Amino acid sequence: MAKLQRGNGFLIALRQHMTGQLNDWLSFGQHRIWKRMAISWSGYKFRPQKLAKEGDCVLDVCCGSGDLAILLGEKVGVQGKVIGLDFSEEQLLVAVQRQKDSPVACHQTIEWLQGDALKLPFTDGTFDAVTVGYGLRNVVDIPQALHEICRVLRKGSKASILDFNRVKNPSIFALGEWILDNGVVPVATLYGLREEYEYLKTSIASFPTGKEQEKLAAVAGFSYARHFEIAGGFMGVLVVRK
């Protein structure tokens, strides 16, 4: 991964810092809890179980600036291995800088890789766990992305996929759209991040529901798939097992 250039890297890091502040404000800091839930759940019988354990080899797809990958690093420790993959070099440069700034030993073993979620550059059965945080909704072929996640997982291993949730309840759906139009986008505009948040309404409206995600996961080859609504139904975690 290329090193951050002084000028460009500073602007990228500044923009990412503003995005982090905005996410904290809009979710009242809850997005940090949701991400920890995503790397902790297996979903079986509603009982929290470890998605990844010390020494595991794990993958974070659509890793962005590295939030989930860094949390996974703390789960697997220095004896484990974490790979964060993203299509965006800009996001990966921020992740690299965050890694450099961290004094935590297990963060230093994370590997960052630029790649395509629809064609993961790994052999079959490579990973003990896979996570996706707010990335599945943005890929152009969700069934193919799920197939690739299933392919690179070891048999019996799990993946956890966190994203916005498209609820069936029309009242909750309408409330979510109102919040986006009258709260999220106007505030994002003040931060100079209107474009990054304006697309949410459209992308959520076209995102498969939880039940639809479960069916897609089954077709992709997973033996178990369960979607959990969190945050009052506005977010969801799809938990799958190969």
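**Reading a predicted model: burial, packing and backbone angles**

Q: A218 is partly exposed, its relative accessible area being 47%. In which element is A218 placed?

A: This is a predicted model, and A218 belongs to helix 9. Residues under 20% are called buried and those over 50% exposed, with partly exposed in between; A218, at 47%, therefore counts as partly exposed. The C-alpha atom of A218 is separated by 9.5 Å from that of K242, a residue 24 positions away along the chain.

Q: What does the protein contain in the way of helices and strands, and what share of its residues is buried?

A: The protein has nine helices and seven strands. Of its 242 residues, 50% count as buried. The protein exposes about 12200 Å², and 56% of this area is supplied by carbon and sulfur atoms.

Q: How should contacts between parts of the chain that lie apart in sequence be read, and what share of them joins residues 24 or more positions apart?

A: One considers the contacts with a separation of 6 or more; in the protein, 73% of these join residues that are 24 or more positions apart.

Q: How does one read the burial of a single residue such as S157: is S157 buried or exposed?

A: The relative accessibility is compared with the cut-off of 20%. S157 lies in strand 5, which covers residues 153-164. At 9% relative accessibility, S157 is therefore buried. Apart from neighbours within four places in sequence, S157 is in contact with F127, D128, V240, R241 and K242.

Q: How is burial read for a whole helix, and how many residues of helix 5 are buried?

A: One counts the buried residues of the helix. In helix 5, eight of the 11 residues are buried, so this helix is largely enclosed by the rest of the structure. The buried residues are I142, A145, L146, E148, I149, C150, R151 and V152. They pack against strand 1, strand 4, strand 5, helix 9 and strand 7.

Q: Which residues of helix 3 are buried?

A: Helix 3, residues 67-76, is mostly covered, with seven of its 10 residues buried. These are L68, A69, I70, L71, L72, G73 and V76.

Q: How is the packing of two helices described, and what are the values for helix 5 and helix 9?

A: The description uses the angle between the two axes and the distance between them. Helix 5 (residues 142-152) and helix 9 (residues 210-220) have axes 9 Å apart and pack at an angle of about 55°. The two helices are therefore oblique to each other, and their crossing is right-handed.

Q: Which residues of helix 5 and helix 9 meet?

A: From helix 5, I142, P143, L146, H147 and C150 meet L216, A217 and A220 of helix 9. By class, this contact has seven nonpolar residues, one polar residue and no charged residues.

Q: How does one read the sign of phi, and where do Y134 and A231 lie?

A: In most residues other than glycine, phi is negative. Y134 has a positive phi, near 55°, although it is not a glycine; Y134 is in the loop between strand 4 and helix 5. A231 also has a positive phi near 55° in a residue other than glycine. A231 is found in the loop between strand 6 and strand 7. At 31% relative accessibility, A231 is partly exposed.

Q: Which residue follows helix 3, and what is its phi?

A: Helix 3 is followed by G77, and the phi of G77 is positive, near 70°.

Methods: Residues are numbered from 1 along each chain as its sequence is written. This is a predicted model: local features need pLDDT of at least 70, side-chain atom pairs count only at pLDDT 80 or more; totals for chains, interfaces and linings use all residues. Side-chain values use heavy atoms; hydrogens and water are left out. Helices (H or I, at least four residues) and strands (E, at least two) are DSSP runs, numbered from the N terminus. Buried means under 20% relative accessible area, exposed over 50%, partly exposed in between (1.4 Å probe, protein chains only). Contact means heavy atoms within 4.5 Å. Accessible areas come from the Shrake-Rupley method with a 1.4 Å probe; for residues, only the protein chains shown count as cover. Axes are lines fitted to C-alpha atoms, for helices over the stretch in contact, and angles run from 0 to 180 degrees between N-to-C directions. Angles under 35 degrees count as roughly parallel, over 145 as roughly antiparallel, 65 to 115 as roughly perpendicular and the rest as oblique. A crossing is left-handed if the near helix is turned anticlockwise from the far one by less than a right angle, and right-handed if clockwise. Ala, Val, Leu, Ile, Met, Phe, Trp, Tyr, Cys and Pro count as nonpolar, Asp, Glu, Lys and Arg as charged, and the others, Gly among them, as polar.
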